[in-house]
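Here are my notes on this one, in the order I'd go through them. Have the model open while you read.

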There are 2 protein chains.
Amino acid sequence: MDQTVRNIKELAALLNISPTTVSRVLNGKADDYRISPATTKKVLDAAREFNYHPNRIARGLRLEKTETIGLIVPDIANPFFAHVAKTIEFEARRNGYSIILCDSLDDIETESELLKLLAGRKVDGIILAPVGTGTGHISEFLKREIPSVVIDRYLPGLDIPSVSTDNYTGAYLATEHFIAAGHSRIACIQGINGISVNTDRVDGYRDALKNHNLTVDNSMIAGDDFGEKNGYDQTVRLLGSECRPTAILALSNLISLGVMRALSEAGLKIPDDMSLVSFDDQPYSAFLASPMTTVEQMKEEIAREAVQILLENINSGRSAGKVNKKIMPELIIRNSVKNMRKIPVRDHSSHL
Amino acid sequence: MDQTVRNIKELAALLNISPTTVSRVLNGKADDYRISPATTKKVLDAAREFNYHPNRIARGLRLEKTETIGLIVPDIANPFFAHVAKTIEFEARRNGYSIILCDSLDDIETESELLKLLAGRKVDGIILAPVGTGTGHISEFLKREIPSVVIDRYLPGLDIPSVSTDNYTGAYLATEHFIAAGHSRIACIQGINGISVNTDRVDGYRDALKNHNLTVDNSMIAGDDFGEKNGYDQTVRLLGSECRPTAILALSNLISLGVMRALSEAGLKIPDDMSLVSFDDQPYSAFLASPMTTVEQMKEEIAREAVQILLENINSGRSAGKVNKKIMPELIIRNSVKNMRKIPVRDHSSHL
DNA sequence: AACTTTTGCACAATCGTTTGCGCATTTACA
DNA sequence: TGTAAATGCGCAAACGATTGTGCAAAAGTT
């Protein structure tokens, strides 16, 4: 019959043996405890026949291990985090772990509560994409000794490994791309000041200018938020400034949406009237009015690295050394940068 | 001192009372069991001071309730599901539940395994966005009597509530929009044949044509997948057909990306050379070469309804009646449809 | 004062596993 | 044949909470 058995005791009773033996067989410890091949087979067959699966809650209680990983992101609707989450979930599952998804709503208070929540749920580890600038709640959390990994950023001063994009190089390459096309008045619309993602990018932008003997004009570095509105506002401001830039480096995809909206309202075209490079490649990037040149972050690689480091720390009982892994981004060149040297630019509009 | 207590026994020992009393106080059952106000206060204070939180695994084992909801989506990187997931997570958390996120990778075999996985993890309920056309594994799963809700689609014949967009009306409105602009050769690039999402949309498209006395040409209903490639392939085919359509209704955002790529490669412009309306509004929809008219699904409402129905079923111990809730979509009119009646179309490019 | 009722809390079982230890029984060896 | 080693498996405690039942001590009643 297609009968079902609810727990190990029932299964043991059916076979006239003890739960101990059943447990040992099912956990592959038959040899260690000298369970006979005959009994072993009997148990395995019965487990299959009666569709028995151990209760993972009871198991978790006994073993103090839930095979569960908490994932906290600022906004799962943000394509970047959604992609990362997808790979994290995949890699985790491949290793027997499930993901508890938490959205911190870009709110540091929520993030703090989520850390406690996950601790209460006894997750075996946490992958955190932190929000904002404060880290007090995180260092507080680290006292609990739950293996954790930070992604997307790194937190100087905290003893926690991280996996993030090499943002410095990304911005450097993008800026160099402008310079190579003959731009010299290049603006940079930044996100939240003070977090590593942002400062690294700004530093890369600055250094690229310097290394090519261009002066860094601080009025060309504007903004304070990764959102669309900031992109819009700063673009409006830049367009009204005395010495209007010819190119804009947008430090997030949302910022670039704001830039495009402002340009569109001002009747300006990309790349003819304004050049634009944006961080974060998107599925639609190739299909914009002008296919956009972007700095693409290697989301899958970030996710894979994060899971791997976390699992190592979980298995080794903590901290296989504090690493700050940087993943190199890729500059995807399309057609949103005007060549100021008047040499015709090949049309890349079909480059995906 | 800022000491911490690991379990209820330690806390009880500290106060010289039994774990029983501590448990009762912390669960708000002090009155039911006549715990004195003095003791109650003592417990509450100590719990706070020593930062005690009950072990949810142990609790889950005893109560047979994990306060956990499984969420299975075909692709969390798809903005539609990412948005829905965000709201589901928020609403669930508001009610004390956490989300275990599972990505079925658009694979029915994986989906089937995930259902078992979640059952083994003793989730209190499941929200499922099903994949493909087979439902055998789902009806098999329903025997486990775990409260569940289907989103994005409905499954005729299965006893499971669902929350989905009123796809029929969405497609009907979009098609009518074409017709109102003077189109009569309107193609429809569809997704997976046989699932409710698709058939409802195709039916809406068909009925809109019929009700306006236009003939339905079956060669104008093409495709069999919600992906970008299908959009591309079918568009290429349609462009090569004898009687080329003047408008395309794309039944998913990915399909419309494929359509755009094919049009772009053929040197055709939207809306001048081809009109396009797509299902699923996206953040970028307003910023495309031509801001796109879309059928927007009310993701948050879908998510909220799904969580609410699920929680009701969980609390009532199953099935508050099988509902098939339909959420009305919204037609967002931008500028991807050419007015064939030669009356100039107002530029909506700044409409967000 | 004797009895009943109320008050205040604790005992011990239970949820479903895992595991250290131990105990028969069989086999090996001299 | 007697003893040592190997074989095969079970007992019972433990993980950390919840809860039906019970039992003293205090308070109330006549």
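1. A turn of 180 degrees and a shift of 0.1 Å along the axis lay chain B on chain A with an RMSD of 0.2 Å; the fit is by least squares on the C-alpha atoms of residues with pLDDT of at least 70 in both copies. That is how a two-fold axis relates things. In chain B, Ala289(B) has the C-alpha nearest the axis, at 1.7 Å. Both copies use the same surface: 96% of chain B's contact residues recur in chain A, contact meaning heavy atoms within 4.5 Å.

2. Bear in mind that this is a predicted model, where local features need pLDDT of at least 70, side-chain atom pairs count only at pLDDT 80 or more, and totals for chains, interfaces and linings use all residues. Residues are numbered from 1 along each chain as its sequence is written, chains are lettered from A and ligands numbered from 1 in the order written, and side-chain values use heavy atoms, with hydrogens and water left out.

3. Around DNA strand D there are 30 residues, near meaning a heavy atom within 4 Å. Thr21(A) and Arg62(B) are among those that come nearest. α4(B) gives the largest share of that surface, five residues (helices are DSSP runs of H or I, at least four residues, numbered from the N terminus).

4. Which polar contacts (N or O pairs within 3.5 Å) reach the bases? Thr20(A) puts a polar side-chain atom 2.9 Å from a base nitrogen of strand D, and a side-chain N or O of Arg34(A) is 2.9 Å from a base oxygen. A backbone N or O of Ser36(A) sits 2.7 Å from a phosphate oxygen.

How values were computed
A polar contact is a pair of N or O atoms within 3.5 Å; within protein, one must be able to donate a hydrogen and the other to accept it, and residues adjacent in sequence count only if both atoms are side-chain atoms. Helices (H or I, at least four residues) and strands (E, at least two) are DSSP runs, numbered from the N terminus.
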